[in-house]
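Colleague: I have a chain to look at and some labels I do not follow. Can we go through them one at a time?

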Amino acid sequence: MGRGRTYRRAVVTTVTTILVAITSVLPTPAGAATVLADGGGGYGAAVAAARGRVPYGGGVSVGGRVAHGGAPGDGRGARGGRPEGRVPYGAVPADDRGAHGRATPHGRGPDSAHTAHVPSRRYPVSVELASLTPAVIRQGGELRISGRVTNTSGRRVGAARIGVRIGASGAIDTRGGLATVARRTPLTRADGPEVADRTARLAPLPTGAERGFRLTVPVPDLGLDGAGAYALTVHVLGADGAGAGTVLGLTRTHLSAYPDATRLEPLRTTVLWPVLDTPRMEALTLRTQDSVLPVFRDDQLTAAFGPGGRLRRLVEMGRGQPVTWVLDPDLIVQARAMVAGYRVARTPGDTDPRQATEGEGGEAAAGWLAALRAAVRGREVIALPYADPDLASLARGGGTPLAGLLRRASRTGRAVVDRALGVHARAGVGWPAGGELDDGIARYAKGLGLDTVLASGAGVASAGELVSEGATDDGAVSLKGGTTALRYDAAIASQLFASHPASGASGAPARLLLRQRVLAETLTAARELPYARRELVIVPPRRMPLAVGRVLLTVVAEGRKAGWLEPAGFADALRKPTAGRLRGFDGYPLARHASELPPSRLAAVVRDRLRMRALAKVLSDARATAASVRAALARSVATAWRADPAGAASYQRGVSRYLTASIASVRLVPKSTVVVAGGSATIPVTVDNGLQQDLTGVELRVLSSRPERLTARDRAMPVQASRAVSRTVRMRVEAYANGPVRLTAQLYTTADGRPWGAPMTFTADVRSVPSGAVIFVLGGTALIVLAVAFRLRRTRSR
């Protein structure tokens, strides 16, 4: 019994110990009072020494309260007026008055330990920043912050106060540190102490209530250490009652400081300004007596080109800015087609152009072209390959048969851009999705005549790179095979790609966070090697949202004004490339494979190209139709479809249906039986031409299943038919015996003698063949039989 009792006691003790350990690491439930205290130990003392401050005061957390020790201080540090001696980490305890500017006791010695309750990751109050001015701290003045708080919990929140904290470690020295700040959720001691006397009171908030706030903080009170990016936290703390010191909510951003006396070597910054969109024009056209009208799958470009539209606003925003324009020739082609007149399909992928309605965006397209022409005058312009093909999908999914088509389309596209805009655009630049580059993508790009490829830098190594992974020291790298990889900043690109802030007031918090983060990224990049001459290439999303474009221009303007950014052109970034190589691993992430165009679709595009070639052989005016289909095939493999896989499948099916319908439009009209009277006659065969242009390049052949009874005198008869009409071709035949004979009529292309369409089989009923002809046939047959018998007899005799 004693042993059993001892065993049970040991088990209970062990289980209790495990449960206590698990409980101690679980987050505090939302809304619970969270109290953090700094014991003034080695961490706090080290940070204070590093930043030239008196170590932060505090105490040891005991049962949710803070027991303070040590002699009281004056609350002022050694840095000229910044209040010190506060409990800086987490929520402020109810009996601490340092947060309100009064004297607080200094902490204990370096050997003191501290404990902290980790606050919940979910807070009852959400905090959003609407404005932060100035965007860059230069010299003195005030930092003005506005925003709003919302009670997102299911209960009333009592009175609170809103305060500001600057990260305890000072200026963030690495770009990885910027990401760490952005990911941190609970309030920790790394957020630093609250700036004293610079708080705003917040009245009680009912459930779902929202209230705005404003904070003004003199720059000296922030205690900034000089140029750099700092972690800025705006928090809401319970102000009185039992919940005093509770962390009710917080938000973080980055604060960039660049005092006037700072002298960093500016980053030579190349900013690309893409004006791209999803393809809209189909292979389908409507021919009239005077023109050929293209058919669009929808009319969304009308709004995009019009005043206030995304494409129109991008052009207006980029005018006069130090950016390099990146254009898709296909978008220029579509705009010009709209100006000249176009149709809009009833549903995307329709095969009957007569069902399409008249487009109404000609005026909007003309205005957009005029605005673009004015904006790019005297600026660098890059003409991407026609329709911006998905290089990664093509390289990996079997796009080699399409290389010739895409190469030809790209040569034509650059000429279109030059003529339409009056510029001399740079061609030969490829932009793989995500900027990822490996051997296969590089080879495929080279096969398309693309000597320069934009790369995020993850898969490109430079022999002379200054920063590991080449994330900041972008620049051009010469690769084996003659390709130049222009590396762009992957960290900034990821921020621009991931952010989709709205343009109105509702998007202000997201725009502000994006602006402050990109400012911090560029400033931290400049501080990595403060006296080295380096390059920075910024690449936004292909279909850049207006809000992202506005933020990007603001960042460039602020960085240029402060002095750590210096605008540079695309040609400058390509100057003097360093020798480099592709890294040993596959630089294309597996996660990105899911958005690639599937190999089955690429195979369908290859088949459609072959069918387009066949269709061109039978048309009287094949040039216009072939050009329309080739452009549509190039659009079928556009990178833009990665964001719209359903649209990609629909577009490709539309091209296939158009070709199928066009080929099926030239056919033989079925018939069952014809009567052949007499030894010589003509058999009528009707060819139906449903195309919108004249039919040429086709011939008709008729084969007999019983040539000894009936045979065609004409080996082949050329067929010509006007558009949308039927033509009857009369084949001459010779009949030798009465009775039914199966005939097969088949169309062939005259260019290469290949069959066209399905054969048509019918019966020729031969009647009233003259007896002489019958006797002639019978006699001939008998002679053949005798000849065979004679030959067999001679063979046996041998």
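Colleague: What makes E18-E19-E22-E21-E25-E20 an open sheet, and which strands stand at the edges?

Modeller: This is a predicted model. Six strands line up in the order E18-E19-E22-E21-E25-E20, and the pairing is mixed. Strand E18 (429-430) and strand E20 (460-462) stand at the edges. Each has a single partner strand, so one side of each lacks a neighbour in the sheet.

Colleague: How do you know that E20 and E25 pair?

Modeller: Count the bridges. Two strands pair if there are at least two bridges between them. E20 and strand E25 (residues 578-582) have three bridges, in the antiparallel sense. Within this pair, Ala-461 stands opposite Arg-581 in E25.

Colleague: Now the helices. Why is H12 called roughly antiparallel to H13?

Modeller: Take the angle. The axes of helix H12 (residues 490-498) and helix H13 (residues 508-528) cross at roughly 175 degrees. Angles over 145 count as roughly antiparallel. That makes H12 roughly antiparallel to H13. Their axes also come within 10 Å.

Colleague: Which residues make that contact?

Modeller: From H12 come Ala-491, Ile-492, Gln-495 and Leu-496. From H13 come Leu-514, Arg-517, Val-518, Glu-521 and Thr-522. By class, five are nonpolar, two polar and two charged.

Colleague: What makes H6 and H8 roughly parallel?

Modeller: The angle again. Helix H6 (residues 310-318) and helix H8 (residues 362-375) pack at about 20 degrees. Angles under 35 degrees count as roughly parallel. H6 and H8 are therefore roughly parallel to each other. Their axes are 9 Å apart, and the crossing is left-handed.

Colleague: Which residues of H6 and H8 meet?

Modeller: H6 brings Leu-311, Arg-312 and Val-315. H8 brings Ala-364, Gly-367, Trp-368, Ala-371, Leu-372 and Ala-375.

Colleague: How do the residues of this contact divide by class?

Modeller: Seven are nonpolar, one is polar and one is charged. Gly counts as polar here, so Gly-367 of H8 falls in that class.

Colleague: Last, the whole chain. How many helices and strands does the chain have?

Modeller: There are 19 helices and 34 strands.

Colleague: What share of the residues counts as buried?

Modeller: Of the 798 residues, 53% count as buried. The cut-off is under 20% relative accessible area.

Colleague: And how far apart in sequence are the residues that touch?

Modeller: Take contacts between residues at least 6 apart in sequence. Of these, 78% join residues at least 24 apart.

Key
Residues numbered from 1 in each chain as written. Predicted model: local features only at pLDDT ≥ 70, side-chain atom pairs only at ≥ 80, totals over all residues. Heavy atoms only, no water. Axes fitted to C-alpha atoms, helices over the stretch in contact; angles between N-to-C directions. Helix = DSSP H or I, 4+ residues; strand = E, 2+ residues; numbered from the N terminus. Parallel < 35°, antiparallel > 145°, perpendicular 65-115°, else oblique. Contact = heavy atoms within 4.5 Å. Left-handed = near helix turned anticlockwise from the far one by under 90°. Buried < 20%, exposed > 50% of the residue type's maximum accessible area, 1.4 Å probe, protein only.
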